[in-house]
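The following report treats side-chain contacts and internal cavities in turn. Please consult the sequence and the structure alongside the text.

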Amino acid sequence: MEIETTQKETILIVDDIEINRAVLTEIFKEDYQTIEACNGVEALEIINGENDISAVLLDLLMPELNGLGVLKAMNESGKIESIPVFLITAADSREMLQEGYDLGAIDVITKPFMMHFLKCRVNNVIELYRHRNKLESIVAEQVKRLNEMNQSMVETLATIVEFRDCESGEHVKRISSLTRALMAEVSQMYPEYSMPKSEIEKVAMSSVLHDVGKISIPDQILNKPGRLTNEEFEIMKQHTTLGSEMLQKISNIMEDGIYNYSYDICRHHHERWDGRGYPDGLSGDDISIWAQVVSVADVYDALTAERVYKKAFSHEKAVDMINNGECGMFNPKVLKAFENVIKKEEKKHSSV
């Protein structure tokens, strides 16, 4: 019968004095696998390699690269977050020790080594990090599942709207794609509108719910082949407020960021830069940048797609109509970003 063996966790011992490495290896050899490095450069090669390091015992004073240099590099790579580092020192340098703690060292081991206390301290910290890393992994998995649930719910709602509006699901995909590209361009061009990539992804996901309120618009108005009367248009305009009210009712099952973006985009994607939009008559940057971006993406896609009441305009004609204000006034900065995105797309297609 084969007996399963549990692989020992690994401790990296970094010291330029061989006898010190030998003593520490002897102390931990029963409970851990040990790897030795004689300087900071060698230590970083091991840490950044494929080795699964559970702890680092790091001498402060070494040639080539000292312990503080190793800690700085571990901070830059993010390794310090998951690997506990114990500083080894015989020197009584408060400045170095303080800097070591500031760089993320977890504890200090002074020479000569006291075997029992040293083993207890290292064992306890490794156990603590093991549980913390496991908990972080569980939380990360739960966040991933929550994001997947949010995306699935958003896509389901958007698909329902598309079927009611006699459109294919390609409309919301195009809106999401253009929103992502335009938000990234705006963020890069203008510091006041800068957003991290993770938030831009949330905006892109939320953009597909911009017309969710159309679920509540009567079919005879929503799919009318001809021009809407004034009364019918007033009813159609209500999709912004109806949609935001609908999202409020399911806010408890949506991630906060997705809900906030979705609500704002749904309510305000028909607002205009000069205040002549609806439903709240917002103007300028009182309209959130994400709602402004989705406005342009929505108008462009509406112009270039065939609908029951109109033929599709060409790409060139749609761009001219947007820039000339035929679809309402937009933020000049967003229009400049839109122009750049269009040029990049045209260049990409011409090179294929």
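## Side-chain contacts and cavities

At a relative accessibility of 49%, glutamate 26 counts as partly exposed, because the partly exposed class lies between 20% and 50%. The model under discussion is a predicted one. Glutamate 26 shares a salt bridge with lysine 29, with an N to O distance of 3.1 Å. Lysine 29 is likewise partly exposed, its relative accessible area being 42%.

The structure holds 18 salt bridges in total. Side chains of opposite charge can pair when their charged atoms come close. Another of these salt bridges joins the side chains of glutamate 99 and lysine 72, at 3.7 Å from N to O. Because glutamate 99 belongs to helix H4 (residues 94-102) and lysine 72 to helix H3 (residues 67-77), this pair ties together parts that are 27 residues apart in sequence. Glutamate 99 has a relative accessible area of 30% and is partly exposed; lysine 72, at 42% relative accessibility, also counts as partly exposed.

Arginine 180 and glutamate 201 form a further salt bridge, in which the closest N and O atoms are 2.8 Å apart. Here distant parts of the chain are linked: arginine 180 is in helix H6 (residues 170-189) and glutamate 201 in helix H7 (residues 197-207), 21 residues apart. Both ends are partly exposed, with relative accessible areas of 32% for arginine 180 and 33% for glutamate 201. In addition, Glu9, Glu127 and Arg130 are joined into one network by salt bridges that share partners.

The three individual salt bridges described above are listed here.

| Acidic residue | Basic residue | N to O distance |
|---|---|---|
| Glutamate 26 | Lysine 29 | 3.1 Å |
| Glutamate 99 | Lysine 72 | 3.7 Å |
| Glutamate 201 | Arginine 180 | 2.8 Å |

Aromatic contacts come next. The structure holds 6 aromatic pairs. One of them is formed by tyrosine 190 and tyrosine 193, which meet edge-to-face with 6.3 Å from centre to centre and 75 degrees between the planes. Tyrosine 190 counts as buried at 14% relative accessibility, and tyrosine 193 is buried with a relative accessible area of 8%.

The rings of tyrosine 300 and phenylalanine 338 have centres 5.7 Å apart; their planes stand at 65 degrees, so this pair is also edge-to-face, the cut-off for that class being over 60 degrees. Since tyrosine 300 lies in helix H12 (residues 289-304) and phenylalanine 338 in helix H14 (residues 332-351), the contact ties together parts that are 38 residues apart in sequence. Tyrosine 300 counts as buried at 16% relative accessibility, while phenylalanine 338 is buried with a relative accessible area of 1%.

Positive side chains are also placed over aromatic rings. Arginine 132 lies over the face of tyrosine 129, at 4.5 Å from the ring centre. Lysine 237 lies over the face of tyrosine 278, and the distance to the ring centre is 5.1 Å.

The final topic is enclosed space. Rolling a probe the size of a water molecule over the atoms shows where empty space is left. A search of the whole structure finds 2 cavities of 30 Å³ or more. The largest cavity has a volume of about 50 Å³. Its lining is made up of Glu271, Arg272, Trp273, Ile287, Gln292, Ser295, Met329, Phe330 and Asn331. By residue class, the lining of the largest cavity divides into 4 nonpolar, 3 polar and 2 charged residues.

Key
Residues numbered from 1 in each chain as written. Predicted model: local features only at pLDDT ≥ 70, side-chain atom pairs only at ≥ 80, totals over all residues. Heavy atoms only, no water. 1 Å grid on protein atoms, 1.4 Å probe; cavity = no way out; pocket = protein on both sides within 12 Å on 5 of 7 lines; lining within 4 Å. Points joined across faces, edges and corners; volume = space filled by probe spheres on them. Nonpolar A, V, L, I, M, F, W, Y, C, P; charged D, E, K, R; others polar. Phe/Tyr/Trp six-rings, centres within 6.5 Å; stacked < 30°, edge-to-face > 60°. Buried < 20%, exposed > 50% of the residue type's maximum accessible area, 1.4 Å probe, protein only. Helix = DSSP H or I, 4+ residues; strand = E, 2+ residues; numbered from the N terminus. Lys NZ or Arg CZ within 6 Å of the ring centre and 35° of its normal. Salt bridge = Lys/Arg side-chain N within 4 Å of Asp/Glu carboxyl O.
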